[in-house]
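Visitor: I am new to this structure and would like a close look at one part, the largest pocket. Could you take me through what forms the lining and what lies around that part?

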Amino acid sequence: MSQKTTKRKESGAGGGDGMAAGPTAQVPPAGQPTGPPPLRLTAAAAVAGLEGLSIAAWGVTMFFGGSSDVLPGFLVLALAALPLLAAYGLRRARQWSRGPALIVQLVALPISWNMVRSDGAGFVASGAVLGVLALAGLVLLVHPATTDALGINRTAA
């Protein structure tokens, strides 16, 4: 911007709308909290993002694994979009993102249980990590600080 335009905006001149000079305050939409998201919400976004990136990495290995059938890899890559989208929404404190993030955590629990009960040591370790992430994600997503930060009304029982 040029100096002339900057001075005009700072002084409030040129509009004649009678508004006070100075920067205008941004008003958040109704129901959207102000300020930085709390640590629990950021941690929930990190858990969902980590799960999404793990699913995407698995899809990439399936897609480019040398098999002539690339459809399963493509489907796994498409599936990775859900937790990644949820992580994006949670990081920006969007109310809609809690539902997809909860679904991902609830689906991850039985998958991790089956992995832990398998024979391979790699599957057992991966299943344990997935289970811990899923439980941590559930706790973070239902915590009152998270629901308050997302603008979700809690009913008193």
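Guide: Helix H2 (39-63), helix H4 (81-91), helix H5 (98-116) and helix H6 (121-142) each give at least two residues to the lining of the largest pocket, and it should be said at once that the model in which this pocket appears is a predicted one. Among these contributors, H5 supplies the largest share of the lining, six residues. The space in the largest pocket comes to about 530 Å³, and of the 18 residues that line the pocket, Glu51, Ile55, Ala108, Ile111 and Leu130 are the closest to its centre. Sorted by class, the lining holds 15 nonpolar residues, two polar residues and one charged residue.

To place the pocket in the whole, the chain has seven helices and zero strands, so that its pattern, read along the sequence, is α-α-α-α-α-α-α. The chain is 157 residues long, and 27% of them count as buried.

Helix H5 also takes part in a feature of the surface, for Leu82, Ile103, Val107 and Ile111 make a nonpolar surface patch of about 330 Å², and the largest share of this patch, three residues, comes from H5. Ile111 thus appears twice in this account, as a member of the patch and as one of the residues closest to the centre of the largest pocket. Leucine 82, another member of the patch, has its place in helix H4, and leucine 82 counts as partly exposed because its relative accessibility is 35%, where partly exposed covers the range between under 20% for buried and over 50% for exposed.

A further residue of helix H5 is serine 112, which counts as buried because its relative accessibility is 5%. Between the C-alpha atoms of serine 112 and phenylalanine 123 there is a separation of 8.9 Å, while the two residues stand eleven residues apart along the chain.

The loop between H4 and H5 deserves a last look, since alanine 93 is found there. Although alanine 93 is not a glycine, this residue has a positive phi of about 55 degrees, and alanine 93 counts as buried because its relative accessibility is 11%.

Methods: Residues numbered from 1 in each chain as written. Predicted model: local features only at pLDDT ≥ 70, side-chain atom pairs only at ≥ 80, totals over all residues. Heavy atoms only, no water. 1 Å grid on protein atoms, 1.4 Å probe; cavity = no way out; pocket = protein on both sides within 12 Å on 5 of 7 lines; lining within 4 Å. Points joined across faces, edges and corners; volume = space filled by probe spheres on them. Helix = DSSP H or I, 4+ residues; strand = E, 2+ residues; numbered from the N terminus. Nonpolar A, V, L, I, M, F, W, Y, C, P; charged D, E, K, R; others polar. Patch = residues over 30% accessible without salt bridge, like charges linked within 9 Å, V, L, I, M, F, W, Y side chains within 5 Å. Areas by Shrake-Rupley, 256 points an atom, 1.4 Å probe, with all protein chains shown as cover. Salt bridge = Lys/Arg side-chain N within 4 Å of Asp/Glu carboxyl O. Buried < 20%, exposed > 50% of the residue type's maximum accessible area, 1.4 Å probe, protein only.
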